[in-house]
Amino acid sequence: YKPILSGFNKFKIYESDSYKLLEPLLKNINITDIKAITPWLFKHPLAPSIAASKENKSLKYEEVLNWCLEKINKSNQNTVNIFEGAGGIFVPIEGKKTIFDLIIDTKSDVILIVGNYLGSVSHTISAIKNLENMKIKVVNILLNENQDTHIDINDTFYLINTNINSNIKIRKIRKNDR
């Protein structure tokens with residue numbers, strides 16, 4: 001699931017994150033399929049709260065939380081539910097409520113996907129420290145090799161790996177692996 005998506009172009013649904021999530025599971029993906037896993041779609045590539053405001057749409061934290069909890073509660077115990085965030089753990093949803101609050105309120109563990117860019121080491125360590133301070137389990141970190149950088153992914157991997165809890169596994173995802 002990807003409850004919220006900003007930057008959605010209804011004429012190019014195949015470019016959306018939601019389409020890419022569905023691609024291995026369905027053929028002939030359409031807008032109904034997208035809306036089933038992403039009920040809050042915004043065309044502006046902005047923080048969801050701002051995109052909703054600019055598009056005169058409603059985005060209420062409690063509605064997003066209840067939608068996620070409904071998906072979790074409908075699943076059987078052996079099902080793993082994966083909810084993709086919207087740009088980072090502190091992206092605002094409504095007022096002061098963020099993706100971070102959604103993680104806490106759904107009692108979710110986290111797989112943190114990070115890029116390899118200038119500043120990513122600091123952003124990653126900050127996210128991990130905040131999650132750990134709230135006793136949220138970080139299951140894994142996926143370090144995604146950016147295509148538009150000259151920063152060596154091995155340097156980023158080393159710096160993150162030496163500055164976090166050794167129980168967290170980090171995996172490098174290179175451009176060729178995707």
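These legends accompany an overview and several close-up views of a predicted model.

**View 1. The whole chain is a mix of helices and strands.**
The protein chain has seven helices and seven strands. From the N terminus on, these elements follow the order β-α-α-β-α-α-β-β-α-β-α-β-α-β. Along its principal axes, the C-alpha trace spans about 45 × 35 × 35 Å. The radius of gyration is 17 Å, which agrees with the value near 16 Å for a compact globule of 178 residues. Buried residues make up 36% of the 178. The chain exposes about 11,300 Å², and carbon and sulfur atoms supply 50% of that area. Take the contacts between residues at least 6 apart in sequence: 63% of them join residues at least 24 apart.

**View 2. The buried residues of helix α7 sit on the same side of it.**
Helix α7 covers residues 153-162. Its buried residues are I153, T156 and I160. They cover an arc of only 60° around the axis, so they lie on the same side of α7. These buried residues pack against α6, β6 and β7.

**View 3. S120 in helix α6 is in contact with T156.**
S120 belongs to helix α6, which covers residues 120-133. S120 counts as buried because its relative accessibility is 1%, under the 20% limit. Neighbours within four places in sequence are left aside here; beyond them, S120 is in contact with G115 and T156. T156 is one of the buried residues of α7.

**View 4. N167 lies in the loop between α7 and β7.**
This loop joins α7 (153-162) to β7 (169-173). N167 is exposed, with a relative accessible area of 61%. N167 and V138 are 29 residues apart in sequence. In space, their C-alpha atoms are 9.0 Å apart.

**View 5. I111, I113 and V139 form a nonpolar patch on the surface.**
Together the three residues have about 270 Å² of accessible area. V139 is in strand β6, residues 138-144. The relative accessible area of V139 is 35%, so this residue is partly exposed.

**View 6. K2, D17 and E84 are linked in a network of salt bridges.**
The structure holds six salt bridges. One of them pairs D17 with K2, with the closest N and O atoms 3.7 Å apart. The pair links distant parts of the chain: K2 lies in the segment before β1 (4-6), and D17 in helix α1 (residues 17-22). They are 15 residues apart. K2 counts as buried, at 3% relative accessibility. D17 counts as partly exposed, at 33%.

**View 7. K60 forms a salt bridge with E94.**
The closest N and O atoms of this pair are 3.9 Å apart. K60 is in the loop between α3 (48-54) and α4 (61-74), while E94 is in strand β3 (residues 92-94). The two residues are 34 apart, and the pair links distant parts of the chain. K60 is partly exposed, with a relative accessible area of 38%. E94 also counts as partly exposed, at 30% relative accessibility.

**View 8. E55 forms a salt bridge with K57.**
Here the closest N and O atoms are 3.5 Å apart. E55 counts as buried, at 15% relative accessibility. K57 is partly exposed, with a relative accessible area of 44%.

Methods:
Residues numbered from 1 in each chain as written. Predicted model: local features only at pLDDT ≥ 70, side-chain atom pairs only at ≥ 80, totals over all residues. Heavy atoms only, no water. Patch = residues over 30% accessible without salt bridge, like charges linked within 9 Å, V, L, I, M, F, W, Y side chains within 5 Å. Areas by Shrake-Rupley, 256 points an atom, 1.4 Å probe, with all protein chains shown as cover. Salt bridge = Lys/Arg side-chain N within 4 Å of Asp/Glu carboxyl O. Helix = DSSP H or I, 4+ residues; strand = E, 2+ residues; numbered from the N terminus. Buried < 20%, exposed > 50% of the residue type's maximum accessible area, 1.4 Å probe, protein only. Rg over C-alpha atoms; globule rule 2.2 N^0.38 Å. Contact = heavy atoms within 4.5 Å. Arc of directions from axis to C-beta.
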